[in-house]
Amino acid sequence: MKYALVTGGSRGIGRAICVALAQSGYPVLINYKGNAAAAAETADLVRAEGQTAELLPFDVAKKEEVQAALQAWMENNKGATIEVLVNNAGIRNDVLMTFMEDEQWRSVVDTNLEGMYNVTRTIMQPLLMNRYGRIINIVSLSGLKGMPGQVNYSAAKAGVIGATKALAQEIAKRNITVNAIAPGFIASDMTQDLDQKELSAMIPMNRFGKPEEVAALVKFLASKDAGYITGQVISINGGLYT
Ligand code: NAP
């Protein structure tokens, strides 16, 4: 069995990605941190697409937790491979640098950047042995252009972009592509505190994006058709970034 693992699959963009990968024929491992009810809803949506769904709760920021959960899964599923990994779990905690608490820096970097390392590193060996795979990292416009009030988040996402480009070169020979997707403003719990009407005026498309629009790009990058695309950062932002 070839599986897709989506971190932060319980809500928002991650949930839409789980559904899209199920439509592509992948059984889906749905990671989340604490929202079991939302994760169960995602699992129902995956099953509605005719695929199996398995919940895999762990905090991506905690290496021991990540390793324990994934190694136990691999032990219980001998012969199965995680062929598609979507590092989507992320948080923001916006504050100007002058007022930033260490904890605000740490938690955002640990979740967005260390989280990608912790999960990817843990499944690296079996993925290399599979000699085929897709790693898709969800980054952000903030990681490309830097956003005031988001020094922590911009640094973490820029870090993931660098890692994406380096890892892509390391493992291309194994037929494994590594790409990043940089969304602009997407309607989800993460952006519900923002003034959508005011911000939409700055976006050429005049609206926030939908999680399903990001998921459609993930679906393509995860497909065999995208086999010659690697080390790229693809923006999806309604024309906001030039
Ligand atoms: P969201 O609605 O807030 O959902 C966040 C997801 O990440 C939830 O499933 C959450 O799990 C999970 N998560 C958070 N911390 C975690 C941890 N430590 N370990 C495991 N899972 C964790 O966010 P979203 O808008 O869908 O964002 C998804 C990704 O897109 C993030 O990487 C975000 O930075 C990026 N992004 C979003 C936007 C946007 O406008 N929305 C723009 C650019 C980039 P629980 O449900 O258990 O809490």
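## Isoleucine 234, partly exposed

Let's start with one residue: isoleucine 234 has a relative accessible area of 25%, so it counts as partly exposed. That value falls between the 20% limit under which a residue is called buried and the 50% limit over which a residue is called exposed. Keep in mind that you're looking at a predicted model.

Where along the chain is this residue? Isoleucine 234 sits in strand 7, which covers residues 233–236. Setting aside residues within four places in sequence, isoleucine 234 is in contact with Ala180, Ile181, Ala182, Leu217 and Leu221. You can also pick out arginine 92, which is 142 residues away from isoleucine 234 along the chain. The C-alpha atoms of these two residues are 20 Å apart.

## Two residues in helix 4

Now hop over to helix 4, which runs through residues 102–130 and includes threonine 111. Is threonine 111 buried or exposed? Its relative accessibility is 14%, so threonine 111 is buried. A polar atom of the threonine 111 side chain lies 2.9 Å from the backbone oxygen of serine 107. If you skip residues up to four places away in sequence, threonine 111 touches Val60, Ala61, Ala89, Gly90, Ile91 and Met116.

Glutamine 104 is in helix 4 too. With a relative accessible area of 16%, glutamine 104 also counts as buried. And what does glutamine 104 touch, not counting residues up to four places away in sequence? The answer is Asn93, Val95, Phe99 and Asn152.

## The whole protein

Time to zoom out. The protein's secondary structure adds up to eight helices and seven strands. Its C-alpha atoms fill a box of roughly 50 × 40 × 35 Å along the principal axes. Does that go with a compact or a non-compact chain? For 242 residues, a compact globule would have a radius of gyration near 18 Å, and the protein's 17 Å agrees with that.

Contacts tell you about the fold as well. Take the contacts with a separation of 6 or more: 73% of them join residues that are 24 or more positions apart.

## Surface and charge

How much of the protein is buried? Buried residues make up 50% of the 242 residues. The accessible surface comes to about 11,500 Å², and 53% of that surface belongs to carbon and sulfur atoms.

As for charge, you'll find 23 positive and 23 negative side chains. The centres of those two sets lie 8 Å apart.

Notes
Residues numbered from 1 in each chain as written. Predicted model: local features only at pLDDT ≥ 70, side-chain atom pairs only at ≥ 80, totals over all residues. Heavy atoms only, no water. Helix = DSSP H or I, 4+ residues; strand = E, 2+ residues; numbered from the N terminus. Rg over C-alpha atoms; globule rule 2.2 N^0.38 Å. Buried < 20%, exposed > 50% of the residue type's maximum accessible area, 1.4 Å probe, protein only. Contact = heavy atoms within 4.5 Å. Areas by Shrake-Rupley, 256 points an atom, 1.4 Å probe, with all protein chains shown as cover. Lys, Arg positive; Asp, Glu negative; His and termini not counted. Charge placed at Lys NZ, Arg CZ, Asp CG, Glu CD. Polar contact = N/O pair within 3.5 Å; in protein donor to acceptor, adjacent residues only side chain to side chain.
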